[in-house]
Amino acid sequence: MSYDKVNTKLIHGGIPMDEYTGAVNVPVYLTSTFKQDGLGVRRRGYEYARTGNPTREALEALIAELDGGLAGFAFSSGLAAIDTVLSLFKEGDEILTSENVYGGTFRILDQVFSHFGIKGRLAHTEDPARFAAEISDQTKAVLIESPANPLMEITDIRTISDIAHEKGLTVIVDNTFMTPYLQKPIELGADIVVYSATKYLAGHSDLVAGLVVVTTEELKERVAFLQNSKGAVLPPFDSWLLIRGIKTLGVRLDRHVANAEKIAAWLDENSDVKTVYYPGLKNSAGYEINKKQARNGGAMMSFELTEDHDIAVFFEQLRLIMLAESLGGVESLICHPASMTHASIPKEIREKVGITDQLIRLSPGIEDVDDIIADLDQAIWKSRK
């Protein structure tokens, strides 16, 4: 029997139990290799743990089902997942990315893949007309973030996918901020979906992982080859932890989003706050498009304090919210993109796309929302010059 509701799929999707013993949780298969029954005769298809592991396979089947893709792949980090996807391309190819792309994605294109003749270029994916004009003869793919990190710009994934496909481009969507619980890029036209599963999918700041979902047999074969060849696979125990985290994704994200909506509204009405970037606010530039393609505005936001505040003091005065890299954990995390997550992007490019030194990125956790707001309030008050 199949189930269509996402909250049921989170728990029963993929390979939900151990077929050997009936255990309701897939076991952690801690083995590096598998006994073969004869030359070329593999027991249940397994031969070596880099190539395939039952625990990892259960996770990969789960994320493929959640996203509505053909196949899923699990990697040792989100960047390992992106590295593998970018390895689908060759010398002379160009990859367009959303302007506010994650700093690690910018860095791997700018400082790693550039050495192999693969070029990355920032594009205006939030503006379909400008995006169409930015496609060159060398462009082979577009990598979209929506909401984009860290200014939460929204891309109309369906429209950009249609434009890209008309030009023969592969559409890649980094869906880390939304997860398949809030947004389904494949239903909107994406060919490949990538995740830093470290974030909301795992949800407890206790593992690092990446996931890729593909939509065609050709992509399945090519990504499987690269996963095995590069070897940056997710270990069995981390795969098991990630499956466990995904089971509670729905209840966690409901709380994350409820908190985010209240915090964003409070910040938007606060005279000490210059700008709030959150697609769940009705005055947000991308509100209508995001409403069309996602369940809600998600849980991530950024904001800027007015010029009469010292943001270094603001960070120092926080007591509940932790200054740290990453996002999507049960605890509230805050960061300074210009010196942390996006420090690898040259300053002139950061400022051109709006990532100023005053920008603050907040990942509200699932604590009591009044406590989160109280912590922000006292730190903002103490940071006044």
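**Sheets, cores and local geometry of the predicted model**

Five strands are arranged as an open sheet of mixed pairing, in the order β10-β11-β14-β13-β12. At its edges stand β10 (273-277) and β12, each of which pairs on one side only. The description given here refers to a predicted model. Within this sheet, β12 and β13 are paired in the parallel sense over two bridges, and Met322 has Leu333 of β13 as its bridge partner. Helix α10, formed by residues 249-268, lies across β10, β11 (301-305) and β14 (359-363). The helix runs at about 20° to β11.

Strand β14 contains Leu362. With a relative accessible area of 0%, Leu362 is buried. Among the residues touched by Leu362 are Ile263, Phe303, Ile321, Leu333, Ile334 and Leu376, where residues up to four places away in sequence are not counted. Contacts are also made by Leu362 with Ala299, Met300 and Met301. By contrast, a separation of 30 Å is found between the C-alpha atoms of Leu362 and Glu60, which are 302 residues apart along the chain.

The largest nonpolar core comprises 77 residues, of which Leu242, Phe303, Phe314 and Leu376 touch the most other members. Helix α10 supplies the largest share of this core, seven residues. Another core, of 25 residues, lies apart from it and includes Phe73, Ala80, Leu88 and Phe113. In the 77-residue core, Phe314 is in contact with Phe303, Leu305, Ile334, Ile360, Leu376, Ala379, Ile380 and Ser383, with residues up to four places away in sequence left out of the count.

A charged residue is found in the loop between β12 (322-323) and β13 (333-335), namely Glu331. Glu331 is buried but has no salt bridge. The nearest side chain of opposite charge belongs to Arg252, at 9.2 Å; a salt bridge requires a side-chain nitrogen of Lys or Arg within 4 Å of a carboxyl oxygen of Asp or Glu, and Arg252 therefore does not qualify as a partner of Glu331. Beyond residues up to four places away in sequence, Glu331 touches Ser205, Met322, Ser363, Gly365 and Glu367.

A second open sheet consists of seven strands in the order β3-β9-β8-β7-β6-β4-β5, and its pairing is also mixed. Its edge strands, β3 (71-75) and β5, each pair on one side only. From one strand to the next, the twist averages 20°. Strands β6 and β7 pair in the parallel sense over five bridges, and Ile144 has Val173 of β7 as its bridge partner. The parallel sense also applies to β7 and β8, which are joined over three bridges; here Asp174 stands opposite Val194 in β8. Strand β7, residues 170-174, is mostly covered, as four of its five residues are buried.

Two helices are associated with elements of this second sheet. Helix α8 (residues 217-230) lies across β3, β8 and β9 and runs at about 20° to β3. In helix α4 (residues 103-111), the buried residues are Gly103, Gly104, Thr105, Phe106, Ile108 and Leu109. The cover over these buried residues includes the helices α3 (78-86) and α13 (347-353), together with the strands β4 (94-98), β5 (119-123) and β6.

Several backbone features are concentrated in the loop between β6 (139-145) and α6 (157-166), where Pro147 is found. Most residues other than glycine have a negative phi, and most peptide bonds are trans. The peptide bond from Ser146 to Pro147 is nevertheless cis, with omega near 0°. A cis peptide bond also joins Asn149 and Pro150, with omega of about 10°; Pro150 lies in the loop between β6 and α6. That loop also holds Met152, a residue other than glycine whose phi is positive, near 60°. Met152 is buried, with a relative accessible area of 3%.

A positive phi also occurs at Ser205, near 55°. Ser205 is located in the loop between β8 (192-196) and β9 (210-214). Whereas Met152 is buried, Ser205 counts as partly exposed, with a relative accessibility of 44%. Ser205 is also one of the residues touched by the buried Glu331.

Terms used. Residues numbered from 1 in each chain as written. Predicted model: local features only at pLDDT ≥ 70, side-chain atom pairs only at ≥ 80, totals over all residues. Heavy atoms only, no water. Buried < 20%, exposed > 50% of the residue type's maximum accessible area, 1.4 Å probe, protein only. Lys, Arg positive; Asp, Glu negative; His and termini not counted. Contact = heavy atoms within 4.5 Å. Pairing = 2+ DSSP bridges. Axes fitted to C-alpha atoms, helices over the stretch in contact; angles between N-to-C directions. Core = buried A, V, L, I, M, F, W, Y, C linked by side-chain atoms within 4.5 Å.
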